[in-house]
Amino acid sequence: MVNIIGVIDEPVKPGDDDNLDIEIHSKSLIEFIQETETPITVGIQGEWGSGKTSLLNSIHYNFEKEQPTFKQIWINSWEYSLLSTPEEALLKIVNRIIDQLLESDTNKKYKQKITASAKRIFKGALRIGAQVALGDEAAQVTGELMESGNHSISELRNNL
């Protein structure tokens, strides 16, 4: 009989054995998130198999179970970047964030404001992409978006 040895890249699920000592890091990040004023950005970087997803699973599970008042948005940017340009991936990710925020918000007035702001930005971005790809007066279209786009982006940010 042949013994087959391999590496399995499966994240640690909540309640599973923590062989990577993820808990000490997740507790520290949970405390940091709870005590830091928003907005904040936390980047998790590491080699393949180093426990990034396991760490995020642990944090997500904690907030879901222990503190359901925290709104979490789970986005796997790797999935959105497959077969996409960086610009397309960014638009997809921003769109997903907005969708998840809208799903959790019960205030219809805010939902309408956010949706209207996002539509203006995406329409402008798509128009620029099409014009650049076709090479038809791209500079003029870009100028139009820049004039109105800064206001639209600021408006969307404030609404979010």
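Read along the sequence, this chain goes α-α-α-α-α-α. That is 6 helices and 0 strands. Keep in mind that this is a predicted model.

Some totals for the chain. It has 160 residues, and 19% of them count as buried. The accessible surface comes to about 12,500 Å². Carbon and sulfur atoms account for 54% of that surface. Now the contacts. Take those between residues at least 6 apart in sequence: 56% of them join residues at least 24 apart.

On to the core. Which residues make up the largest nonpolar core? There are 6: Ile-22, Leu-29, Ile-30, Leu-55, Ile-59 and Phe-63. Two helices each supply at least two residues of this core: helix 1, residues 22-35, and helix 2, residues 52-66.

Let me stay with helix 2. What span should its 15 residues have, at 1.5 Å a residue? The expected figure is 21 Å, and the end C-alpha atoms are 21 Å apart, so the two agree. The buried residues of helix 2 are Ser-54, Leu-55, Asn-57, Ile-59 and Phe-63. Helix 1 is part of what covers them.

Look at Leu-55 in that group. Leave out its neighbours within four places in sequence. Leu-55 then contacts Ile-22, His-25, Ser-26, Leu-29 and Ile-44.

Next, two serines. Are they buried or exposed? Ser-54 sits in helix 2. Its relative accessible area is 5%, under the 20% cut-off, so Ser-54 is buried. Beyond four places in sequence, Ser-54 touches Pro-11, Val-12 and Ile-22.

Ser-26 belongs to helix 1. Its relative accessible area is 2%, so Ser-26 counts as buried too. With neighbours within four places set aside, Ser-26 is in contact with Leu-55, Ser-58 and Ile-59. Leu-55 and Ile-59 are names you have already heard, as members of the core.

Last, the surface. Which residues make a nonpolar patch there? Phe-32, Ile-40 and Val-42 do, and the patch covers about 220 Å². Phe-32 is in helix 1. Its relative accessibility is 40%. That value falls between the 20% and 50% limits, so Phe-32 is classed as partly exposed.

So helix 1 comes up more than once here. It supplies core residues, it helps cover the buried residues of helix 2, and it holds Phe-32 of the patch.

Methods: Residues numbered from 1 in each chain as written. Predicted model: local features only at pLDDT ≥ 70, side-chain atom pairs only at ≥ 80, totals over all residues. Heavy atoms only, no water. Core = buried A, V, L, I, M, F, W, Y, C linked by side-chain atoms within 4.5 Å. Buried < 20%, exposed > 50% of the residue type's maximum accessible area, 1.4 Å probe, protein only. Helix = DSSP H or I, 4+ residues; strand = E, 2+ residues; numbered from the N terminus. Contact = heavy atoms within 4.5 Å. Expected span 1.5 Å × (residues − 1). Patch = residues over 30% accessible without salt bridge, like charges linked within 9 Å, V, L, I, M, F, W, Y side chains within 5 Å. Areas by Shrake-Rupley, 256 points an atom, 1.4 Å probe, with all protein chains shown as cover. Salt bridge = Lys/Arg side-chain N within 4 Å of Asp/Glu carboxyl O.
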